[in-house]
Amino acid sequence: MKLYTSASVTLLFSSADAFFGCVFYLHGNNYELFDKDVFDYNFTHSTFELWLFSMLRVVILLGATIGVIKNPKNGAKGIKIARYPVGFINIVMILYAMAKIMLYTEYSDGNHDDDPWFLTLGVWTLVASLAMYGLWVYILQEARPSEERNFNLEGDTQGLINEDKNVERSCSSESENSSDNESSDSSSDDDDDDEDDDDNEGKKKKKSVKWYSLFMRLLAYSKGDWPFLLVGFIALMCATAGEVIWPLLTGRVLNGVVVEAERAQFKNGIILMTLISIGVAAADGVRGAFLNMAMARLNQRVTNHLFESILKQELGFFDKNRTGAITSRLTSDTVTISEALSNSIIIFLRSIFQVIGYIIFMMIISWRLTFITLISFPLIAVITDVFGSYYEKLSKKVQTSLANANIVAEETVSSLKTVRSFANEEGERKTYWNKLRITYLLRKKEAVAYGFFSVINSMCELMVFELMLFYGGHLVLKGMLNGGMLVSFILYQFELGVCLEKIADVSTALIRAAGASRKVFQLIDRKPTIMNEGRVAPRQFEGQLEFKNVTFAYPTRPSIPVLKDVSFTASPGEVLALVGPSGGGKSSCINLIEHFYEPTSGEVLIDGRNVKDYDHAFLHQKIALVGQEPVLYARSIHDNISYSLQDCSKERIESAAKQANAHNFIVHLNKGYQTQTGEKGLQLSGGQKQRVAIARALVRNPQMLLLDEATSALDAESEHLVQQALTKNFDTRTVVIVAHRLSTIEKADRIVVIDQGQVVEQGRHQELISSNGLYAGLVRRQLFGHDTDDDHDDDEEELEKTIGKKEKH
């Protein structure tokens, strides 16, 4: 809420409080009451202190408003800090007003119908005190200058996912006490996480979205399920109504047996209670079925939206964030939300309705006893608010720590061969244990906080019960209440306490779900920095490629350009080879052609149009990529080759496999093309995976073919056969090859040599050999294992030695 709007609302309420306080106290305009209350004060009749409470509220609110207007930043902080002292002051005023009203009605013969001003001012004190606290928390505390309200809900999503730095730092001291080894491992993890996050820390202010706002948004996803919600809600109301009337009937039955000894009243009461029990059971069944169905559909919808949002993110997002943290949003957080929606929120709503019904019936039986029962409500509300804020922070840290543990588990399992080869099973176990240790420490804090909250809550309930029992006995002895109704009231109070305990229990689950849903919604709302919004899909796509003064840096390292003013062209029917030392920027060129990233400056053009202007699906129908480490999915070879293609014939798949020199090994497998490749293609060798990936590219008949070390895992004979098959269709395609092997690049129509992000040479193989530049040195090293030219750095020598070793193998 804007600053001046908040100030206006506060001033309006303060004026109303001052006006009504004076009018009710002075009985309109009887100013003689001041003298009477000061010199002849009577606690049970005077309302002077209630008027003082009104003035105190006005002074506090006016002071806070002036402070916020004069110094919005520090004023808002002061409002937040003073939240609980102000709450305590309001609790004192409420309890005092309740006690005064109780004594007033008990005074003398209890007949004060001739003095309505007392009760009116007492009730106004109760209402105004509650309203003041609500105004303080939800109006003044949220007041911000308009220029500070321009926030981005998505915030920095890297901070959203990689929050492990803050979590691990908060638990590091406790973790260090547990084990020296664990602390050393944990600290190293912290350092790594710090490097990832420090650049983004504090760049954007995230809005503190209230938990109830998150649940309102969750329910907004259920608009299509309103029939399920309507039926479930009606059944919930019917079941609640039956349960609410039960204690009243119990009191009447006992009153008929013990006090009046009437068999008919006893019998009729039992029959009525039996019928109500049957109705409640049926309504509970309908409620559970329909509301759980609606919540299951809602969870499916939210999870699907989350997955859809993840798929839309640019690749730079995945460079910044770990896969385990992202999948944790899809698994751990959505499960937490699902459990809260399917169970906790239903219990919460049911308990809320029961509390309202119980209070209504308690007021009907005895409003005096109800006042005593409600004395604890403001105190419990403040305690719950304090506990809830702390618990929500812990819940968010727990979700983050679980995501961190998932990261370690996923990385270890997915690269178990590497772990085995280094005999680092124990090291990975310790790392995973450290992550779980952090989660345990946070869970322990949750348990201690919950235990402390339960102790205070139980003490308040027991004290109120004892006070109510004492006063209820007093009313029975005075003949103002019969014994059966006292029993009913005690049952209502007991059920009320049970409902409040349920609300407290499920509120922790709801707060935990709020923390999870906040992360989920931040990820759903995140807008990718690279939007595939192009709409160009021409009938003719020739594949004329041009890099025009392209400079590029990866989002994770924006200050380090990997390409600097790069320019080159490739025409249809031409094979362009990109060569150079590792890290020079060759694969970055492939990524830009695929529109995985966008250049910092310059343009990547195809047929004279910027790649970002093309329709996403159209562009990748015309361009096919085969990488050095091709990814196969856990499905059959047939499905991998025809990936994303609809109605791809068997003949077309086999033709592509033959061109990729994959058909022969496939047909010799037990199930042929229906053989499962396993997770990430682990059931196939590296060379087999590359040939299947090449077949997957060729089956699309692309106009532009990108080969990034596509034959590096093939033996010499297989590479020759594949290249021979590929060259048959090079006449009309634009082919861009990134390779180190001489056999792959020497027949290219043009070779572009890239070193340290810059184009240093261009030409055909013989031309570049004759020029005796960087390319010639690379070729000599590959052929002879050494170079007489001293113009190249040590990194290039190491690269070519590595290439030479691969050739030997």
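1. A word on terms before we start: helices here are DSSP runs of H or I with at least four residues, strands are runs of E with at least two, and both are numbered from the N terminus. On that basis the chain holds 30 helices and 10 strands. Please keep in mind as you read that this is a predicted model.

2. Some totals for orientation. The chain has 809 residues, and 48% of them count as buried. Among contacts with a separation of 6 or more, 79% are between residues 24 or more positions apart. The exposed area of the chain comes to about 40100 Å², with 58% of it supplied by carbon and sulfur atoms.

3. Helix α23 is a nice one to look at down its axis. The helix covers residues 650–659, and I653, A656 and A657 are buried in it. Those buried residues fall within an arc of 100 degrees when seen down the axis of α23, so they line one face of the helix. E651 and K658, on the other side of α23, are exposed.

4. What does the buried face of α23 pack against? The buried residues of this helix pack against α22 (637–641), α24 (663–667) and α25 (686–698). After α23 comes N661, which has a positive phi, near 60 degrees.

5. H638 gives a residue-level view of the same neighbourhood. H638 belongs to helix α22, and with a relative accessibility of 19% it counts as buried. The cut-off for buried is under 20%, so do check the value of 19% for H638 yourself if your own surface settings differ. Leaving aside residues up to four places away in sequence, H638 touches C648, I653, Y673 and Q674. One of these, I653, is also among the buried residues of α23.

6. Now to the sheet. Four strands make an open sheet in the order β2-β1-β4-β5, and their pairing is antiparallel. At the edges stand β2 (563–570) and β5 (609–610); each has a single partner strand, so one side of each is left without a neighbour in the sheet. As background, strands of a sheet pair through backbone hydrogen bonds, in either a parallel or an antiparallel way.

7. Within that sheet, strand β1 (residues 545–552) and β2 run antiparallel and are joined by five bridges. If you want a residue pair to anchor your view, F552 has L563 in β2 as its bridge partner.

8. On to charges. How many salt bridges does a search of the whole structure find? The search finds 14. In general, side chains of opposite charge can pair when their charged atoms come close. The next points take some of these pairs in turn.

9. R301 and D225 form a salt bridge in which the closest N and O atoms are 3.2 Å apart. R301 sits in helix α12 (residues 263–312), while D225 is in the loop between α10 (211–220) and α11 (226–259), so the pair ties together parts that are 76 residues apart in sequence. D225 is buried, with a relative accessible area of 0%, whereas R301 is partly exposed at 23%.

10. E446 and R443 stay within one helix. Both lie in α18 (residues 425–477), three residues apart, which is about one turn of the helix. The closest N and O atoms of their salt bridge are 3.5 Å apart. E446 is buried, with a relative accessible area of 4%, and R443 is partly exposed, with 35% relative accessibility.

11. R750 and E574 meet through their side chains in a salt bridge, at 3.2 Å from N to O. R750 lies in strand β9 (residues 750–755) and E574 in the loop between β2 and β3 (575–579), so this pair ties together parts that are 176 residues apart in sequence. Are these two residues buried or exposed? R750 and E574 are both buried.

12. Salt bridges also link up into a network, whose members are E243, D284, R287 and R350. You may like to display these four residues together.

13. Last, a spot on the surface. I352, I356, I360 and I364 make a nonpolar surface patch of about 360 Å². I356 lies in helix α14, which spans residues 323–365. With a relative accessible area of 45%, I356 is partly exposed.

Key: Residues are numbered from 1 along each chain as its sequence is written. This is a predicted model: local features need pLDDT of at least 70, side-chain atom pairs count only at pLDDT 80 or more; totals for chains, interfaces and linings use all residues. Side-chain values use heavy atoms; hydrogens and water are left out. Buried means under 20% relative accessible area, exposed over 50%, partly exposed in between (1.4 Å probe, protein chains only). The arc is that of the directions from the helix axis to the C-beta atoms. Contact means heavy atoms within 4.5 Å. Accessible areas come from the Shrake-Rupley method with a 1.4 Å probe; for residues, only the protein chains shown count as cover. Patches are made of residues with over 30% relative accessible area and no salt bridge: like charges are joined within 9 Å, nonpolar side chains (Val, Leu, Ile, Met, Phe, Trp, Tyr) within 5 Å. Two strands pair if DSSP finds at least two bridges between them.
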